[in-house]
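Trainee: I would love a close look at a single part of this structure. Could you walk me through the sheet in chain A, strand by strand, and then show me what lies around it?

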Amino acid sequence: MRESYLLPTAEPFFLPGGKTGVLLIHGFTGTPKEMRWMGEYLNKKGLTVLGVRLFGHASRPEDMLRARWWDWVASLEDGLNMLKGCTSDQSVAGLSMGGILSLIAAAHYPVKCAIAISTPYALPPDPRLKFLKIFQFFYPRVPKGESDFHNKDAEKDHVDYPYFPTRSILQLQALLQEMTRGLASIKIPVLLIQSHADHGIPAESMNRIYEELGTKQKETLWVEDSGHVIVREPEREKAFKATFDFISRCTGK
Amino acid sequence: MNPTWPQYPLIVPNAGSFLFRGDKVGCLLVHGYTSSAEEMLPLGEFLAKQGYPVLGIRLAGHGTHPVDLSRVRYVDWLNSIRDGHFLLKGMVDKVVLIGQSLGAMLLLICTPEISPAATIAISTPYIKFTLGRKIVNRFTSTFFPLVPKWHLRKKKINDIRREGNYPAYPLVATRSILELEKVQGSLENTLGDIRTPILLIQSHKDLTEESLAEITTRLTNTKYESIWHEKLDHSLVLDNQRQLVFDEINQYIRKIAKKGGVS
């Protein structure tokens, strides 16, 4: 009897490697599949990689309605706890909402470094945002805008939810507030990656996060030929390499 | 909202999922209702010492705050187990599922889907939800969302997240009892589909032979073994004499591994 299941190919993954561990976190309505190529790249370079599934994701969109933002933080904690049992140090890297969670991890957990890719500082300016609490009852689903994928092959087999559950956007908003509250207290190295061609998040996001970060060791990387999901785009190798070099430097290996 | 909330880490120390490397057949450990992965930690550490890769999963809604438990549905628990299985598959092909109480029920439900080398079900209840009880459950879940556990009813609860020295919530989120009803229903439907070996371990102090027979009579398509203890508590894996249980589990996994040709 299968009432529900995890979306095929979008399941969480664990790639055992050396003593340096990295936790990969996917984005809002996304799945661990987005992070898989990055995971395989880092694993080939000798890292132990765990791609975690956030609560309510990669199954059915209605499962996400039950999620509160701290459930996603708890999923992140689970991932870190599991890595702790089999590696000597842990780093976090995430895409979009995964980036938000990476920065929360950087503020509150003993991780070596954090990489935040395509991370928003705030939700896009939209006058309807103020009324979400009421809208969620009349418009339970917000359609996703046109995709900004540059890699059309990756877009074809991309697995995610077909729409944004309105209630979950409220949780995303709360998660963003939690992230911004913690930015100043971050003391570990942080790498921020964003694309100029990203239609999903406001362009100044990376600069705002960069300014508010409390750490002195902060780096940025801009890419051009990529949409929001940089880790599945033509320029992904550039982002992967920067991530690996950054982790190697921070863990002293 | 409590001004000191959220407190990091959100998961009670030790209550979160754990993962140990190894090179033999993999073990997926699942804890019981209102408890946390900490319940399975001693068993996990023992098995890891024997060389098994071990993953103890935290079921959704557990190990954080009782209110979180009232929000999760039983598919979230199944998905937690699926998560664990997929992560474990990164290290090994064959797995053994080991669950305690609710964990055992959920693992039996997942067994046809995962088709493991074996499933070890510890203290597996077979709960009969009568119509009267179902009505009471709906009443309490509507009007009394959090109820102290019966044995703690006269004690002052200091920490709402952990029951003193036992790794579980001191309260029951009554909404989640309705999910237990669904788990029970699903269990009744899936027992007949199980085709992989089953080991049942339980104690006379906790379960009756009749209750276990309800399960074994429905296991029509597979072979099962059952081991009875006398004086151990419901949570066999935390009892003072748990080493007995650990050794039995170890022996059983070795036997299964030998038979299946996996090292």
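Mentor: Happy to; here is the sheet, followed by a short look at the contact between the chains. Please keep in mind that this is a predicted model.

Let's begin with the strand order. In chain A, 7 strands form an open sheet in the order β1-β3-β2-β4-β5-β8-β9, and their pairing is mixed. At the edges sit β1 (13–15) and β9 (218–223) of chain A, each of which pairs on one side only. On average, neighbouring strands of this sheet are turned by 15° against each other, direction ignored.

Now step inside the sheet, to β5 and β8. Strand β5 (residues 114–117) of chain A runs parallel to strand β8 (residues 190–195) of chain A, and the two are paired over 4 bridges. To find this pairing on your screen, look for A:Ala114, which stands opposite A:Val190 in β8(A).

Stay with β8 a moment, and a helix comes into view. Helix α8 (residues 205–212) of chain A packs on the sheet, where it touches β8 and β9 of chain A. The direction of helix α8 makes about 165° with that of β8(A).

Finally, a look across to the other chain. Here 31 residues of chain B are in contact with 28 residues of chain A. On the chain B side, the elements giving two or more residues are β1 (18–20), α3 (74–88) and α6 (175–190) of chain B. Of these, α3(B) gives the most, with 8 residues. By residue type, that side of chain B divides into 15 nonpolar, 8 polar and 8 charged residues.

Methods. Residues numbered from 1 in each chain as written. Chains lettered and ligands numbered in written order. Predicted model: local features only at pLDDT ≥ 70, side-chain atom pairs only at ≥ 80, totals over all residues. Pairing = 2+ DSSP bridges. Axes fitted to C-alpha atoms, helices over the stretch in contact; angles between N-to-C directions. Contact = placed C-beta atoms within 7 Å. Nonpolar A, V, L, I, M, F, W, Y, C, P; charged D, E, K, R; others polar.
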